[in-house]
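Thank you all for coming; I would like to take a few minutes to walk through one model with you. Please have the display open while I talk.

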Amino acid sequence: MSVNNNKSKAAFIAAMVIFGTIGIFRRYIALPSSVLALARGFIGTLFLVIYVKLSGKKPDRAAVRANLALLVISGALIGFNWILLFESYNYTTVSVATLCYYMAPVFLILASPFVLKEKLTVNKLIAVFAAVTGMALVSGVFRGGEIAVDQKTGIILGLGAAVLYASVILINKKIGEIDAYSKTTVQLGAAAVCLLSYVLLTEKASGIALSGRGLIMVLVVGIIHTGVAYALYFSSMKALSAQNIAIFSYIDPVFAIILSTLILKEPMGFSDILGAVLILGAAVYSEFTEG
């Protein structure tokens, strides 16, 4: 095993660990979700532009022009995906919001026969059934009694974020040949511009206040969780196999769930653990089975 391969694995794992902490940071940032998403988009875009410039990489302008419409649409969806996910953290636990978000592979499986003309196989249907069962366990449906309104709202927002993320993946499959850095920079920039319009229409500047600690955390979300994490993510992918990428990707939700229990003291009962295993297991199963 080469040193470069080990470095790539370490970089990819580091990116997943960073992504897994964003829910914790969101809890300590007293900003509307749309404003936080806007800050993340602008800071992340600026970081990637500087990174690409300093690393000597040249943007593929011809490919950007050829795919501009899809890049802008997917960028807008990324921005609103962030808003829904950040709002989900506000209404339910980080664990539940994260697991709702990781229902994205299920929506992708269900949409692929219509959008990508892919066959819906028995193995994929098993994965869907397992994930839906897991989601029901996490939501509290099987515990009896009424589910709290905030819990319902958080679940709906998390699933909405998953639908948008699955949509981004489907659009990315339609985008022509373009390097990852050019694609991501344009998508993040498009997200920032779309979110700026949305924030100007929906938020009042007088109602937005941020403490010194909050400002530092916003910068961390923009620079570390977006700029640095995306740079690590894309710089490491070329040296890794598809199986490595698929397996390591689940460090993100597992780490998020562990941190939410240890740091935020969020409860995690047996049904929650079983539901998490079913949802994440279904996602992994769908990655490695065909036919």
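I will begin with the chain as a whole and then turn to particular helices, side chains and loops.

What we have here is a predicted model, so let me start with the confidence values, since they apply to everything that comes after. The mean pLDDT of the protein chain is 91, and 97% of the residues reach 70 or more. If we go element by element, helix α5, residues 68-91, has the highest mean pLDDT at 97, whereas helix α12, residues 242-248, has the lowest at 78.

As for the overall architecture, the secondary structure comes to 14 helices and 0 strands. For 291 residues a compact globule would have a radius of gyration near 19 Å, and since the protein chain has 19 Å, the two agree. Along the principal axes, the C-alpha atoms fill a box of roughly 55 × 55 × 40 Å. Buried residues make up 48% of the 291 residues, and the accessible surface comes to about 14,300 Å², with 69% of that surface belonging to carbon and sulfur atoms. If we take the contacts between residues at least 6 apart in sequence, 88% of them join residues at least 24 apart.

Which element would I pick out as largely enclosed by the rest of the structure? That would be helix α6, residues 94-101, where 8 of the 8 residues are buried, so the helix is largely enclosed by what surrounds it in the structure. The buried residues of α6 include Val 94, Cys 100 and Tyr 101.

Val 94 brings me to Arg 27, because Val 94 is among the residues that Arg 27 touches once neighbours up to four places away in sequence are set aside; the others are Tyr 89, Thr 92, Thr 93, Leu 264 and Glu 266. Arg 27 itself is found in helix α2, residues 22-27, and at 32% relative accessibility it counts as partly exposed. Two of these neighbours deserve a closer look. The backbone oxygen of Thr 92 lies 2.7 Å from a polar atom of the Arg 27 side chain, and the side chain of Arg 27 also makes a polar contact, at 3.2 Å, with the side chain of Glu 266. Met 16, by contrast, is 11 residues from Arg 27 in sequence, and the C-alpha atoms of the two are 19 Å apart in space.

Let me move on to the aromatic residues. The structure holds 12 aromatic pairs. One of them is formed by Tyr 51 and Tyr 181, a tilted pair with 5.7 Å from centre to centre and 40 degrees between the planes. This pair links distant parts of the chain, with Tyr 51 in helix α3, residues 33-54, and Tyr 181 in helix α10, residues 180-202, 130 residues apart. Are these two rings buried or exposed? Tyr 51 counts as partly exposed at 27% relative accessibility, whereas Tyr 181 is buried, with a relative accessible area of 9%.

A second pair also involves helix α10, namely Phe 80 in helix α5 and Tyr 198 in helix α10, which are 118 residues apart and again link distant parts of the chain. Their ring centres are 5.2 Å apart and their planes stand at 85 degrees, so this pair is edge-to-face. Phe 80 is partly exposed, with a relative accessible area of 30%, and Tyr 198 counts as partly exposed at 33%.

Tyr 51 and Tyr 181 also belong to one aromatic cluster, together with Phe 12, Phe 19, Tyr 230, Tyr 233, Phe 234 and Phe 248.

Finally, I would like to turn to the backbone at two lysines. Most residues other than glycine have a negative phi. Lys 117, however, has a positive phi, near 60 degrees, and this residue is found in the loop between α7 and α8. Lys 117 is exposed, with a relative accessible area of 68%. Ser 112, in helix α7, residues 104-115, is in contact with Lys 117 and Glu 118, leaving aside neighbours within four places in sequence, yet Ser 112 is buried, with a relative accessible area of 3%.

The other lysine is Lys 265, whose phi is also positive and near 60 degrees. Lys 265 lies in the loop between α13 and α14, and at 65% relative accessibility it counts as exposed.

That is where I will stop, and I am happy to go back to any of these places on the display.

Methods: Residues numbered from 1 in each chain as written. Predicted model: local features only at pLDDT ≥ 70, side-chain atom pairs only at ≥ 80, totals over all residues. Heavy atoms only, no water. pLDDT = per-residue confidence, 0-100. Helix = DSSP H or I, 4+ residues; strand = E, 2+ residues; numbered from the N terminus. Buried < 20%, exposed > 50% of the residue type's maximum accessible area, 1.4 Å probe, protein only. Contact = heavy atoms within 4.5 Å. Phe/Tyr/Trp six-rings, centres within 6.5 Å; stacked < 30°, edge-to-face > 60°. Rg over C-alpha atoms; globule rule 2.2 N^0.38 Å. Areas by Shrake-Rupley, 256 points an atom, 1.4 Å probe, with all protein chains shown as cover. Polar contact = N/O pair within 3.5 Å; in protein donor to acceptor, adjacent residues only side chain to side chain.
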